Amino acid sequence: MARLDDIDTELKEKIALRIKALRMSTGKIQSAFAIDAEKDRQTINRWEGGRGISIYSINKFCKDIGIELWEFFRYREFLNFPEKDSNKDIIPLKENQ
């Protein structure tokens, strides 16, 4: 498996922290949240540790807590996230699109 660069490592950590913060905002411990979300506690623990989460899992997590996927990433920790050189040709979305 390829090693993550610094930007990817930072993103992984921010996603894990966001998952934990959102889960905690429900007032549930990992095991109770896992039961309600029909997942096992180990899965939630892995996600909060920054392991084993895909964009599809993040989307399902968002549905479990009642937010949209875009709301997950519309968070101060993801604002002004450093860009990789490979993304420099991506055109940013305009407001009201």
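Buried residues have under 20% relative accessible area, exposed residues over 50%, and partly exposed residues lie in between (1.4 Å probe, protein chains only). The model shown is predicted, so that local features need pLDDT of at least 70 and side-chain atom pairs count only at pLDDT 80 or more, while totals for chains, interfaces and linings use all residues. Residues are numbered from 1 along each chain as its sequence is written, and side-chain values use heavy atoms, with hydrogens and water left out.

**View 1. The protein chain as a whole contains five helices and zero strands.** Helices (H or I, at least four residues) and strands (E, at least two) are DSSP runs numbered from the N terminus, and the pattern read along the sequence is α-α-α-α-α. The protein chain has 97 residues, of which 26% count as buried. When contacts (heavy atoms within 4.5 Å) are taken between residues at least 6 apart in sequence, 60% of them join residues at least 24 apart.

**View 2. Helix 3, which spans residues 41-48, has Thr43, Ile44, Trp47 and Glu48 as its buried residues.** These four residues lie on the same side of helix 3, because they cover an arc (of the directions from the helix axis to the C-beta atoms) of only 130 degrees around the axis. Helix 1, helix 2 (30-36) and helix 4 are included in what covers the buried residues of helix 3. After helix 3 comes Gly50, whose phi is positive, near 80 degrees.

**View 3. The loop between helix 2 and helix 3 is shown at Glu38 and Lys39.** What is notable about the backbone of Glu38 is that its phi is near 55 degrees, a positive value in a residue other than glycine. Most residues other than glycine have a negative phi. The relative accessibility of Glu38 is 75%, and Glu38 therefore counts as exposed. Lys39, by its relative accessibility of 23%, counts as partly exposed. When its neighbours within four places in sequence are left aside, the residues in contact with Lys39 are Ala34, Ile44, Trp47 and Asp64. Of these contact partners, Ile44 and Trp47 also appear among the buried residues of helix 3, so this view can be read together with View 2.

**View 4. Helix 4 (55-65) has a buried set made up of Ser57, Ile58, Phe61 and Cys62.** The arc that these residues cover around the axis is only 145 degrees, which puts them on the same side of helix 4. On the other side of helix 4 the residues Tyr56, Lys60 and Lys63 are exposed. The partners against which the buried residues of helix 4 pack are helix 1, helix 2, helix 3 and helix 5 (69-73). Gly66, placed just after helix 4, takes a positive phi of about 85 degrees.
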